[in-house]
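Colleague: Could you walk me through this model? I'd like to start with the overall build and then go into a few strands and loops.

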Amino acid sequence: MKKNMLISGGGIAGLTAAKLLSAQGHQVTLIDKAPAFSKAGFLLSLKSFGVRIMDELGLTGNLLRESSPSEYATFLEANDQVIQHISYEKMSRNTERSVLISRGGLHHVLFEDIKDTVPVRFQTTIHRLVRHEEATLVTLSDGSELMADLVIVAEGLRSPTRERYFEGCKLEDFSTLYMGGKLKYAHGYTVGSFKIYMDVHKMLSIYPIGPDEIAIQCYIHHQGELPAAGLNATELLERSFQEYSQDVQDLLHRFAANGLMFVDKMGMVSAPNLVSGPLVLLGDVGYCPTALSGMGASMSIYGAKALAHFVGQTPGDLPLACNNYNTLMQPIIEKFQGNAKRNAAAFIPASTGQLDQFVRSFRAASDAELQKIMTDPILLTEEQLRFQIS
């Protein structure tokens, strides 16, 4: 029952799947278009079941060593008036504590764990797929060929393989530009205490993650194309917050001049079916919920474990395993993508009236109401945690 499996894409989803499927005894090959992996990347918050699964994989210690402190978050208006001050410890009483880590840090933990057991081929992509009776002949970009019983597509948001081999998939433009990264300098902020500014059509987060390092993340409503936005990112960033305090302006100017910045246009993938013959979509390529869901990394890890779970149940019937995975994931995808759209409307309001209304309700929320707002959207049901299909 041991199968040959090809994973295209060595991101968080692909690496997690490689670990789990190789542990079942399958022959796994992982390919990625990058020339090498690095630890660079924007910050993310691994929450809830994502933290639980990393613990089950025996990677909690490595995860925490790569993480950054996170104690408090203060939500502010543009004029520095406090909306809410939140303790992460208090908010996580009903779930696993979230872990703040760079995308590259989480990726590094996963890659270091599998690099000696799973062959990884860099600068390699899928060129062509030909379905045979028993398996799929895959021609790779370097001209080599291999036979795969299952091809797991984990190529990320803008996947050429999804575009070629899956029908009915849509990439929804969120009309939001993401800018984030890190800046090395001795700042005066309190490490682990974050500032999150809410405003019309934009949100700015300042994360002091060390005495000499600070992370910046912002979302700006933007309807232009990504290449043009990337060329003008520095100007757009500084212009968007030019009416803020001098401290904020100085920080953003320093970040624009000397920081490591990542710029991307946020999108959400709608895939009516995650399975197409011998191919299956995993992670952002099939159900990107955007960073506004707060659960993109956790969903990638959960999806990988769900797929491996069903493959383990029926290794002799991979189509059944993939269909069960699709059935389980679709309502979960709907939940977290819906959360992202609601978060976009709430935290990046489209008008002054919407901003004022949210600020009033958020400021007046009790601790119990805040906990509900912060934790309910990140939880799965017990049946989903056990991979039970309704």
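Modeller: Sure, starting with the secondary structure: the protein chain has 15 helices and 18 strands, where helices (H or I, at least four residues) and strands (E, at least two) are DSSP runs numbered from the N terminus. This is a predicted model, so local features need pLDDT of at least 70 and side-chain atom pairs count only at pLDDT 80 or more, while totals for chains, interfaces and linings use all residues. Residues are numbered from 1 along each chain as its sequence is written, and side-chain values use heavy atoms, with hydrogens and water left out.

Colleague: What radius of gyration does the protein chain have, next to a compact globule with 390 residues?

Modeller: The radius is taken over C-alpha atoms, and the globule rule is 2.2 Å times the number of residues to the power 0.38. For 390 residues that rule puts a compact globule near 21 Å, and the chain agrees with it. The C-alpha box along the principal axes is roughly 65 × 45 × 40 Å. The radius of gyration of the protein chain is 21 Å.

Colleague: How much of the protein chain counts as buried?

Modeller: Buried means under 20% relative accessible area, exposed over 50%, and partly exposed in between (1.4 Å probe, protein chains only). The chain still exposes about 17,200 Å², with carbon and sulfur atoms supplying 49% of that; the areas come from the Shrake-Rupley method with a 1.4 Å probe, and for residues only the protein chains shown count as cover. Of the 390 residues, the buried share is 53%.

Colleague: Among contacts between residues at least 6 apart in sequence, what share join residues at least 24 apart?

Modeller: A contact here means heavy atoms within 4.5 Å. Counting those contacts in the protein chain, the share that join residues at least 24 apart is 72%.

Colleague: Is strand S15 enclosed or open, and how many of its residues are buried?

Modeller: S15 covers residues 213–221 and is largely enclosed by the rest of the structure. Strand S12 (residues 170–184) pairs with S15 in the antiparallel sense over 9 bridges, and strand S14 (residues 202–210) does so over 8 bridges; two strands pair if DSSP finds at least two bridges between them. The buried count in S15 is 8 of the 9 residues.

Colleague: Which residue of S15 does methionine 203 stand opposite?

Modeller: S14 and S15 are joined by a hairpin through 2 residues. On the S12 pairing, glycine 181 stands opposite isoleucine 216 in S15. Opposite methionine 203 stands tyrosine 219.

Colleague: Which residue in S13 is the bridge partner of leucine 76?

Modeller: S4 has 4 of its 5 residues buried, so it is largely enclosed by the rest of the structure. S4 is joined to S5 by 5 bridges in the antiparallel sense, and tyrosine 72 has serine 87 as its bridge partner in S5. S4 also runs parallel to strand S13 (residues 193–199), with 5 bridges. In S13, the partner of leucine 76 is tyrosine 197.

Colleague: Which residue takes a positive phi in the hairpin of S4 and S5?

Modeller: That hairpin has 5 residues between the strands. The residue with phi of about 75° is not a glycine, and it is partly exposed, with a relative accessible area of 31%. It is aspartate 80.

Colleague: Is glutamine 123 buried or exposed, and what is its relative accessible area?

Modeller: Glutamine 123 lies in the loop between strand S7 (120–121) and strand S8 (126–131). Phi of glutamine 123 is also positive, near 50°. Glutamine 123 is exposed, and its relative accessible area is 57%.
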